[in-house]
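User: Hi! I'm new to looking at protein structures, could you walk me through this one?
Analyst: Happy to, let's bring it up.
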2 protein chains.
Amino acid sequence: MSTVLESYLNDCRALVTNEIRQIIPGDPRYESILYDLMLDYPLREGKALRPALCIATCRALGGQLESVLRSAAVLELYHSAFLIHDDIEDESLMRRGLPTLQMQHGIPIAINVGDAMLGLTLKPLLENMATVGLGPALKILEAISRMVQESVQGQALELDWVRRCNWDINEDDYFRMVELKTGWYSFITPIMIGCIVARAEEVQMTQLAEFARILSVAFQVQDDLLNLSADDRYGKEIFGDLWEGKRTIILLHLMRCASRDEIAEVKRILALRRPPPAGINHDEQLKGADCLLAQLVAEGHLTQSGFARLTQFLRPRECYKQDKDVNLIMELIRKYGCLEHARQIALHWTIEAHGRLELCRDFIKDSIHFAFLQELVGYVFARVQ
Amino acid sequence: MSTVLESYLNDCRALVTNEIRQIIPGDPRYESILYDLMLDYPLREGKALRPALCIATCRALGGQLESVLRSAAVLELYHSAFLIHDDIEDESLMRRGLPTLQMQHGIPIAINVGDAMLGLTLKPLLENMATVGLGPALKILEAISRMVQESVQGQALELDWVRRCNWDINEDDYFRMVELKTGWYSFITPIMIGCIVARAEEVQMTQLAEFARILSVAFQVQDDLLNLSADDRYGKEIFGDLWEGKRTIILLHLMRCASRDEIAEVKRILALRRPPPAGINHDEQLKGADCLLAQLVAEGHLTQSGFARLTQFLRPRECYKQDKDVNLIMELIRKYGCLEHARQIALHWTIEAHGRLELCRDFIKDSIHFAFLQELVGYVFARVQ
């Protein structure tokens, strides 16, 4: 990551974290059982990409930092809330280098913390009226309303594919899902809100939103690639997408290239659930069963053959994905050059995004803020090389 | 239920269901995988208590039905969304006579449907500006924002008690939790929004909100009682609160009256998880294990003694609540007159609510709408007899 990019993101993160601390007040009436957990993901040092996009767009168009900061913080709050619920829905284990919230506190509490954060966004958006004026504040509320609708539609689409074991989808279906699921809340809405606060013209907002949409797809394909690159700076679980059975551009390519038998095997594996995390009763119980079985054999209560049959039966080998399954899929992905294919696609969308941003030079002057947007495109470009 | 009450609720339900169908539009772009599920709970014929409270208050104060209907529908949407997430958090099996959403479609999809419904509330609340005017529309948004904050705090409190196996709580703690968790969104906010739309004076709103707060506690205690009354018109699971390990006024009384040993046993049982629903791999697997064990004995691979030890080990008897556990608690509840105690408490709060409502006659004239509020208090009174 270039130093310009990194320092811009760092600055935005510091500003937004401070703002989020003010939005989440830590009311002493409630012994902070909820507020501490609401601050957990935001303090886990994310990239602060969404607030940075919002702030950079606003300022590149001549808007003020003070006017946009609260909305930028709200975007980060939404992001954290979506991550919390997403991690439950995908049964993810790790987030930003630490166990996910539901791994630490259980699903019920994690759902409620997400709801609390979603609920907390309304107040600062209403207070916005005093800062940005009634008209823009209402437009921001409308933009947020649209954003949530699109995001849950995208999530519904993906969850439906996973639940129905549906692989009858093409790359356009995938791009549409990505645009809905992450495009709106990660790119399009942050940039739209930046435009609203800077009071940009409608036509300028349309051009920048289109840039955002295209960049979001480039970013997601790059994210899919990173997930399989086994880079531990990534903060998520290595090969997490394969464990979770996610549809990615990489797997869609594999489904087109592999042999019939290979495809059948890949689909079978991806349809399996991931093993429950260690420490869950079920696993412990079955692990303890091995000891008891060995003891029964030693004491002459159980024959060797009976031992073998029982062990085979009790192990959850058949109903869960295993390391070897995930490794097999990775081998096939390499065999058919699926990573290379995805890189080409990411590149295509990145170049397209670059072109769209250049068009915006008609109405945006050079500044450190516009430079941030340009560097961000360059960053995706460098990462997919 | 009196016919006045029933027909008022029925009318409100019909109006609100129609309104919700307009809010959830069924966008053909998305093959309705999400919209159908969003309509599931609202179409399961709830009481429509929250919209009815909102409409009755507004109209009793001289407000118009058309002005309040959309806000009333939003309250019902929130209620449905909270129920969906609540049912996951409490691992509930039944809702309004049918399996809960997560039992039918899995936890991931159910979380997302709840999020979608929460997200869908913003648009109609913004559109409210055209119907009720800017000032009242903003006040309604603020009331909703407050409502969500209080509700998630209450939920956090209860989840924290359950998770920490904390029974060191008194009746005041319980009343405070109820006020936060259900009081705000089921009673206080509906009545406040009715006041806002009818442009009631601040002092009138304060009086009606206090009535709402008190009635909410009476209702919840009555609900706790109904949960243990084994009435199948209730729509939820019989003794569900005991299976879920909920703190209720009934159990708090038991904890004060029972012997030390009994309390220890009740706490032990309530801390156990409920068994996973049938059809989950784990149970199936262990059920199948019985057959295999019997077969191994028959074939001479396993001794009788080995069979007994393995069966005992593999059954999840010790880690889950069982029917006999729940029945034991019910016996103790009867032995110590805990139901009678709870009835007395419900009665006390109902009489208090009645008195508060009578005070409002200073500024509310007689009407069918005010009669509904009065009958509602009478209904709680009759139910706890």
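User: Before we start, what does "partly exposed" mean?
Analyst: Buried means under 20% relative accessible area, exposed means over 50%, and partly exposed is in between. Also keep in mind that this is a predicted model.

User: Okay, so is R213(A) buried, exposed or partly exposed?
Analyst: R213(A) has a relative accessible area of 23%, so it is partly exposed.

User: And which side chain does R213(A) meet in a salt bridge?
Analyst: That of E179(A), with 3.2 Å from N to O. The pair joins distant parts of the chain: R213(A) is in helix 10 of chain A and E179(A) is in helix 9 of chain A, 34 residues apart. E179(A) is partly exposed too, at 22% relative accessible area.

User: How many salt bridges are there over all chains?
Analyst: The count comes to 44.

User: Can you show me one in chain B?
Analyst: Sure, try E150(B) and R146(B), whose side chains meet at 2.7 Å, N to O. They are 4 residues apart in helix 8 of chain B, so about one helical turn separates them. E150(B) counts as buried because its relative accessibility is 4%, while R146(B) counts as partly exposed at 41%.

User: Any other pair in chain B?
Analyst: Yes, E265(B) and R268(B) form a salt bridge at 3.1 Å, N to O. Both lie in helix 13 of chain B, 3 residues apart, which is about one turn of the helix. E265(B) is partly exposed at 28% relative accessibility, and R268(B) is partly exposed at 39%.

User: Which residues are linked in a network of salt bridges?
Analyst: E19(A), R70(A), K123(A) and E127(A) are linked that way.

User: New topic: how many salt bridges cross the interface of chain A and chain B?
Analyst: The rule finds 0 there. It does find 13 residue pairs in polar contact across that interface, both residues of each pair being at pLDDT 80 or more.

User: Which helix of chain A supplies the largest share of the side that touches chain B?
Analyst: Helix 8 of chain A, with 17 residues. Other helices of chain A give at least two residues each, including helix 4, helix 9 and helix 14.

User: How many residues does each chain put into the contact?
Analyst: Chain A gives 70 residues and chain B gives 69 residues. Between them the two chains bury about 6,000 Å², and 64% of that is on carbon and sulfur atoms.

User: How can chain A be laid on chain B?
Analyst: By a turn of 180 degrees and a shift of 0.0 Å along the axis, with an RMSD of 0.1 Å. That is the relation of a two-fold axis. In chain A, the C-alpha nearest the axis belongs to L302(A), at 2.3 Å. Both copies use the same surface, as 99% of the contact residues of chain A recur in chain B.

User: What about the inside? How many residues has the largest nonpolar core?
Analyst: It has 264 residues, and those with the most contacts inside it are I144(A), I333(A), I144(B) and I333(B). A second, separate core has 15 residues, among them L302(A) and L302(B).

User: Why would nonpolar side chains gather like that?
Analyst: As a general tendency, in soluble globular proteins nonpolar side chains tend to be buried together.

User: What does I144(B) touch?
Analyst: Leaving aside neighbours within four places in sequence, I144(B) is in contact with L122(A), V74(B), L75(B), Y78(B), L125(B) and I193(B).

User: Where is T189(A), and is it buried or exposed?
Analyst: T189(A) sits in helix 9 of chain A. Its relative accessible area is 0%, so T189(A) is buried. A polar atom of its side chain lies 2.8 Å from the backbone oxygen of W184(A). Not counting residues up to four places away in sequence, T189(A) touches L75(A), A143(A), M147(A) and W184(A).

User: Last one: where does A258(A) lie?
Analyst: In the loop between helix 12 and helix 13 of chain A. A258(A) is buried, with a relative accessible area of 10%. Its C-alpha atom is separated by 7.7 Å from that of L332(A), although the two are 74 residues apart along the chain. Beyond its neighbours within four places in sequence, A258(A) is in contact with I263(A) and Y336(A).

Terms used. Residues numbered from 1 in each chain as written. Chains lettered and ligands numbered in written order. Heavy atoms only, no water. Core = buried A, V, L, I, M, F, W, Y, C linked by side-chain atoms within 4.5 Å. Buried < 20%, exposed > 50% of the residue type's maximum accessible area, 1.4 Å probe, protein only. Contact = heavy atoms within 4.5 Å. Polar contact = N/O pair within 3.5 Å; in protein donor to acceptor, adjacent residues only side chain to side chain. Least-squares fit on C-alpha atoms with pLDDT ≥ 70 in both. Buried area = accessible area lost by both parts, 1.4 Å probe. Salt bridge = Lys/Arg side-chain N within 4 Å of Asp/Glu carboxyl O.
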